[in-house]
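Follow the description below with the sequence and the model open side by side. The text starts at a metal site and then moves to a neighbouring position in the sequence.

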Amino acid sequence: MALQVYNTLTRKKELFEPREPGIVRMYVCGPTVYDKAHLGHAMSVVVYDVIRRYLEYRGYTVRHVMNYTDVDDKIIRRARELGVSPMDLAEHYIQEFERHMRELGLMQPHVKPRVSQEIPWIIRVVEGLIEKGHAYVLENGDVYFHVPSKPDYGKLSGRSLDELVEGYRIEPDPRKKHPADFALWKAAKPGEPSWDAPWGPGRPGWHIECSAMNLHHLGEQLDIHGGGQDLIFPHHENEIAQSESYTGRAPFVRYWLHNGLLMVGESKMAKSEKNFVTIDDFLKEHEADVFRMMVLQSHYRRPLAFSDATVQQAEAALARLRGGMKPANPQAPGLDAGPAAELQHQAQEARQAFIAAMDDDFNTPEALAALFTLVRHINKAREAGATDAQLQPAQEVLLELGGVLGLDLLPKTGAVDVQPFIQLLLEVREELRKQRLWPLADRIRDRLAELGVRVEDTPAGPRWYLG
Ligand SMILES: [Zn+2]
């Protein structure tokens with residue numbers, strides 16, 4: 001068996017073969033940092049975290065890049081509302097997202113480029129597209145990509161150019177050569193961040209940043225490009241048009257992976273729908289692995305229903321897996337050689353079933369089923385009188401495979417026990433701060449830091465995390 005992945009571009013499962021054997025170049029579109037992140041954002045990063053962990057488990061070296069969109073209309077608008085600079089606002093939410101990635105137990109992407117730091121590469125690509133006749137400059141300094149210059153435009157989303165034109169309900173901008181043409185560069189406006197470019201000052205449009213960052217950090221052709229299904233059109237369609245037109249090489253991406261969206265009832269969780277739960281609010285009530293478990297219980301390409309029921313199911317499932325790690329009864333008489341060997345055999349079978357499931361387009365619900373079967377065998381052996389030494393090999397397989405999914409299945413008693421004490425210390429520290437007893441308050445923070453507990457003061461009060 002070998003890994004098969006579903007490719008949005010070809011609409012079928014394909015044998016996974018990176019361009020360079022053993023190396024996977026993977027780019028995932030990251031957040032636009034203008035407000036608090038919600039669970040919809042968390043879902044996407046958890047999905048690609050699991051995919052990366054599995055690729056590494058299978059022996060690949062993964063180079064993982066995730067961008068931050070820190071120059072954007074939404075950021076500028078919100079910064080204006082709050083009376084702060086767009087760059088300060090973006091920096092604040094980048095730091096917050098970094099904290100979320102730690103709290104959610106994510107592997108760090110190797111590079112996290114930001115638009116504001118990639119301007120020379122963006123200009124290079126826009127300039128190349130103008131030179132090659134794929135883009136044109138308007139009188140005011142806007143630059144547009146000319147969609148008909150890329151005859152296979154629409155191949156990812158499966159739409160023809162004619163269909164696209166019919167789909168444009170708004171009156172097309174008369175300055176554009178074709179209604180589907182999209183902005184690569186927006187001419188500078190007063191009060192907006194802007195950078196100099198050969199055709200005039202301004203800032204990049206949204207799609208161009210990903211093409212430029214890909215080129216800069218991963219080269220002309222990638223193995224995996226990921227993102228939510230809502231990015232297929234127009235964002236990823238436009239990325240293909242820009243990158244293939246600029247480099248003259250196709251395919252820009254070998255495997256396009258798209259995760260389903262987090263749904264609340266009939267609509268996707270989104271800022272605009274006002275149906276979102278922030279990552280902070282969720283983690284106040286639940287540990288991060290509960291969310292991860294919820295994501296794992298649904299195939300990544302399917303929509304994931306968020307509700308109290310799915311959260312409770314995830315909580316129960318996590319507890320069931322952790323139950324497999326319980327020690328043997330100290331008075332256990334031990335199993336006979338036959339049943340003891342049987343448990344080890346069952347653990348090997350579970351590993352094989354797990355790999356077969358994950359090799360089938362990262363089928364995490366099936367992979368979890370293999371783990372639940374293993375837990376049942378372990379629990380049965382424990383009840384039949386297995387000793388710790390007899391349980392251990394199977395429990396190690398359970399830990400190993402749980403780890404591939406990013407789950408921490410080790411009993412949590414230690415961490416759970418310290419929580420109320422840390423909380424108590426922070427309450428005392430808050431009281432000291434109110435009474436302006438700063439040195440004492442600082443001493444609590446510094447001593448906690450020495451013990452590996454970092455305290456962060458936020459407008460919503462102090463937060464702490466380990467490490
Ligand atoms: Zn992108």
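In this predicted model, the zinc ion has three protein donors: the SG atoms of C29 and C210 and the NE2 atom of H235. These donor atoms lie 2.1 to 2.2 Å from the metal. Along the chain, the donors follow the spacing C-x180-C-x24-H. The two cysteines link distant parts of the chain, being 181 residues apart. C29 sits in the loop between β3 (23-28) and α1 (39-57), whereas C210 belongs to helix α6.

Are these two cysteines buried or exposed? The relative accessibility of C29 is 11%, so C29 counts as buried. C210 has a relative accessibility of 1% and therefore counts as buried too. The cut-off behind both assignments is a relative accessible area under 20%.

The next position to look at is S211. Helix α6 spans residues 206-218 and includes S211. The relative accessible area of S211 is 4%, so this serine is buried.

What does S211 touch, leaving aside residues up to four places away in sequence? Its contacts are E239, Q242 and S243. Two of these residues can be described in further detail. With S243, the polar contact runs from side chain to side chain, at 2.9 Å. With E239, the side chain of S211 reaches the backbone oxygen, at 3.3 Å.

Taken together, helix α6 holds the zinc donor C210 as well as the buried S211, whose side chain makes a polar contact with that of S243.

How values were computed: Residues numbered from 1 in each chain as written. Predicted model: local features only at pLDDT ≥ 70, side-chain atom pairs only at ≥ 80, totals over all residues. Heavy atoms only, no water. Helix = DSSP H or I, 4+ residues; strand = E, 2+ residues; numbered from the N terminus. Buried < 20%, exposed > 50% of the residue type's maximum accessible area, 1.4 Å probe, protein only. Polar contact = N/O pair within 3.5 Å; in protein donor to acceptor, adjacent residues only side chain to side chain. Contact = heavy atoms within 4.5 Å. Donors = N, O, S within 2.8 Å, 3.2 Å for Na, K, Ca; no water.
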